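Please work through the exercises below with the sequence and the coordinates at hand. Each exercise sets a task and is followed by a solution in steps.

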Amino acid sequence: MDGERDLRERLVDAGVELVLEGGTASVGLREIARRAGVSHGAPRRYFPTHRALLSAIARRGFEELGARAAVAVGGTVGAREELAALARAYLAFALERRGMFELMFRHELLDGGRQEEAPDGPRLREATLPLLRHVTDLVARCRGEAAAPSAAVTATALWANLHGIAQLWSWGSLQLALGEPGAGDGGAGSPDRLIEAALDAHLGPAPR
């Protein structure tokens, strides 16, 4: 069984490499098999569909994002500071792991977590929902209320705002809008002030 598990992990490793090198479109079973040093048909034993394979790769991305988030919030004081740290970790991940970031949220390509979608595969809901629930709890604490539907709406809107910042920053669009040197290359400056603006917009200005 360990050998079987090791081979499955090698196949996922190869898929992660492909996603990081060329994005979702570059991921194919034949190339993954070649990189893992196995026959072309071997991946089908573990991933009966392309969707199942992409889901396993995306789960790796969520695991890495979760680990980065845990490190980022270490030593933070208060819900607002923790939210800011999570936001910076999210954007850093998006800019450094662009192919993976794109795949992770392409749910039309992935198994969301229902039993009929992935009876033996990764449950992406188990990887994605806890982080959003945590953000919802932090939003509620910032507003001095118990977690409620309104906090969930605000947390989801904040996430959408941050996701948009990540995408537009990676394309250089926001640097161009802000008139920053090197605008358009996707790498100039820092999006930190946009993170603060997003937090202010959704939570109100930080206490001074």
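**Exercise 1. Determine which residues T136 is in contact with, leaving aside its neighbours within four places in sequence, and describe its setting.**

Step 1. With contact taken as heavy atoms within 4.5 Å, T136 meets A151, A152 and A155 once its neighbours within four places in sequence are left aside.

Step 2. T136 has its place in helix α7, where helices are DSSP runs of H or I with at least four residues, strands are runs of E with at least two, and both are numbered from the N terminus.

Step 3. The relative accessible area of T136 is 11%, and it is therefore buried; buried means under 20%, exposed over 50% and partly exposed in between, with a 1.4 Å probe and protein chains only.

Step 4. A148 is 12 residues from T136 along the chain, and the two C-alpha atoms are separated by 8.5 Å.

Before going on, note that this is a predicted model, in which local features need pLDDT of at least 70, side-chain atom pairs count only at pLDDT 80 or more, and totals for chains, interfaces and linings use all residues. Residues are numbered from 1 along each chain as its sequence is written, and side-chain values use heavy atoms, with hydrogens and water left out.

**Exercise 2. Establish how many helices and strands the protein has, and what percentage of its residues are buried.**

Step 1. The protein contains 10 helices and zero strands.

Step 2. Of its 208 residues, 42% are buried.

Step 3. Among contacts in the protein with a separation of 6 or more, 60% join residues 24 or more positions apart.

**Exercise 3. Find which element gives the largest share of the largest nonpolar core, and characterise that element.**

Step 1. A nonpolar core is a set of buried Ala, Val, Leu, Ile, Met, Phe, Trp, Tyr and Cys residues joined through side-chain atoms within 4.5 Å; the largest one here has 55 residues, and those with the most contacts inside it are V27, F47, I57, L83 and L162.

Step 2. Two or more residues each are given to this core by α1 (2-22), α2 (29-36), α4 (50-72), α5, α6, α7, α8 and α10 (192-203), and the largest share, 10 residues, comes from α5.

Step 3. Helix α5 (residues 79-96) has 18 residues and reaches 26 Å from its first C-alpha to its last, close to the expected 26 Å, the expected span being 1.5 Å times one less than the number of residues.

Step 4. Because 13 of its 18 residues are buried, α5 is largely enclosed by the rest of the structure.

**Exercise 4. Describe how α5 and α8 pack, giving the angle and the distance between their axes, and follow the contact to L83 and L199.**

Step 1. The helices pack at an angle of about 35 degrees with their axes 9 Å apart, where axes are lines fitted to C-alpha atoms, for helices over the stretch in contact, and angles run from 0 to 180 degrees between N-to-C directions.

Step 2. On the α5 side the contact is made by L83, A87, Y90, L91, A94 and L95, and on the α8 side by L158, W159, L162, H163, I165, A166, W169 and S170.

Step 3. Beyond its neighbours within four places in sequence, L83 is in contact with V135, L138, V139, C142, L158, L199 and L203.

Step 4. L199 lies in helix α10 and counts as buried at 1% relative accessibility; with neighbours within four places in sequence left aside, its contacts are R80, L83, A84, L158 and G204.

Step 5. L199 and A87 are 112 residues apart along the chain, yet their C-alpha atoms are separated by 9.2 Å.

**Exercise 5. State how many aromatic pairs a search of the whole structure finds, and examine the one formed by F105 and W159.**

Step 1. The search finds five aromatic pairs, a pair being rings of Phe, Tyr and Trp (its six-membered ring) with centres within 6.5 Å, stacked if the planes are under 30 degrees apart, edge-to-face if over 60 and tilted otherwise.

Step 2. F105 and W159 form a tilted pair, 5.8 Å centre to centre with 55 degrees between the planes.

Step 3. Because F105 lies in the loop between α6 (98-104) and α7 (124-142) and W159 in helix α8 (residues 149-170), this pair ties together parts that are 54 residues apart in sequence.

Step 4. W159 is partly exposed, with a relative accessible area of 34%, and ring pairs link F62, Y90, F101, F105 and W159 into a cluster.
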